[in-house]
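Here's a quick briefing for anyone meeting this structure for the first time. Have a look at the sequence and the model, then read on.

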Amino acid sequence: MGFTEAIRSGFSNYVNFSGRAPRSEYWYWALFAFLVSIGADIIDFTLFQGGNTPISYIVSLALLLPGVAVSVRRLHDIDRTGWWLLIVFTIIGIFVLLYWDCVKGTTGPNRFGADPLGG
């Protein structure tokens, strides 16, 4: 999955918490969110001289739900439920999720659907 296809998939499935997302979709979405956040910060700094940050807040809110959805689908790809996303609220959970986001997904179908890579 390419960059633009991953972004398109992220926005078209922004409330879809079922199915699976391959690593490429997750990481391209993370890159997109990072770049858009930097752009919003630059615009905020230019317009508001580092004071108020309304554009950054709007961008964060706009990317929150699609980001959670792609994260849940990524967990589904490694055959874990989306509830595992809640371990992000612990210190060690951040590292566990980061590791899981780097792991290859389940080959073939699993309980969350068909392999998104067709394997």
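Where is the place of aspartate 79? Aspartate 79 sits in the loop between H3 and H4, and there's more on that residue further down. Keep in mind that this is a predicted model, in which local features need pLDDT of at least 70 and side-chain atom pairs count only at pLDDT 80 or more, while totals for chains, interfaces and linings use all residues. Residues are numbered from 1 along each chain as its sequence is written, and side-chain values use heavy atoms, with hydrogens and water left out.

**The big picture**

- The protein chain has four helices and zero strands; helices (H or I, at least four residues) and strands (E, at least two) are DSSP runs, numbered from the N terminus.
- Going along the sequence, you get the pattern α-α-α-α.
- Taken along the principal axes, the C-alpha atoms fill a box of roughly 50 × 30 × 20 Å.
- The chain has 119 residues, and 32% of them count as buried; buried means under 20% relative accessible area, exposed over 50% and partly exposed in between, with a 1.4 Å probe and protein chains only.
- About 7200 Å² of the protein chain is exposed, with carbon and sulfur atoms supplying 71% of it; these areas come from the Shrake-Rupley method with a 1.4 Å probe, and for residues only the protein chains shown count as cover.
- Among contacts with a separation of 6 or more, 64% are between residues 24 or more positions apart; contact means heavy atoms within 4.5 Å.

**How the helices pack**

- Two packed helices are described by the angle between their axes and the distance between the axes.
- Here, axes are lines fitted to C-alpha atoms, for helices over the stretch in contact, and angles run from 0 to 180 degrees between N-to-C directions.
- Angles under 35 degrees count as roughly parallel, over 145 as roughly antiparallel, 65 to 115 as roughly perpendicular and the rest as oblique.
- For sorting residues, Ala, Val, Leu, Ile, Met, Phe, Trp, Tyr, Cys and Pro count as nonpolar, Asp, Glu, Lys and Arg as charged, and the others, Gly among them, as polar.

*H1 with H2*

- H1 (residues 3-12) packs on H2 (residues 23-48) at an angle of about 85 degrees, and their axes are 8 Å apart.
- H1 and H2 are therefore roughly perpendicular to each other.
- H1 brings Phe3, Ala6, Ile7, Ser9, Gly10 and Phe11 to the contact, and H2 brings Ser24, Glu25, Tyr28, Trp29, Leu31 and Phe32.
- Sort the residues of this H1 and H2 contact and you find eight nonpolar, three polar and one charged.

*H2 with H4*

- H2 and H4 (residues 91-102) cross at roughly 125 degrees, with axes that come within 9 Å.
- That angle makes H2 and H4 oblique to each other.
- Arg23, Tyr26 and Trp27 of H2 meet Leu98, Asp101 and Cys102 of H4.
- The residues of the H2 and H4 contact are four nonpolar, no polar and two charged.

*H2 with H3*

- H2 and H3 have axes that come within 10 Å and cross at roughly 170 degrees.
- So H2 is roughly antiparallel to H3.
- The contact of H2 with H3 has 15 nonpolar, four polar and seven charged residues.

**The nonpolar core**

- In soluble globular proteins, nonpolar side chains tend to be buried together.
- A nonpolar core is a set of buried Ala, Val, Leu, Ile, Met, Phe, Trp, Tyr and Cys residues joined through side-chain atoms within 4.5 Å.
- The largest one has ten residues: Ile7, Ala21, Tyr26, Trp29, Phe32, Ala33, Ala40, Val59, Leu63 and Val70.
- H2 and H3 (54-77) each supply at least two residues of this core, and H2 gives the most, with five.

**Three residues to look up**

- Valine 59 is in helix H3 and counts as buried, at 15% relative accessibility.
- Leaving aside neighbours within four places in sequence, valine 59 touches Val36, Ser37 and Ala40.
- Aspartate 79 has a phi near 65 degrees, a positive value in a residue other than glycine.
- With 30% relative accessibility, aspartate 79 counts as partly exposed.
- Aspartate 115 lies in the segment after H4 and is buried, with a relative accessible area of 15%.
- Not counting neighbours within four places in sequence, aspartate 115 is in contact with Arg20, Thr106, Thr107, Gly108 and Pro109.
- Valine 59 and aspartate 115 are 56 residues apart in sequence and 31 Å apart in space, C-alpha to C-alpha.
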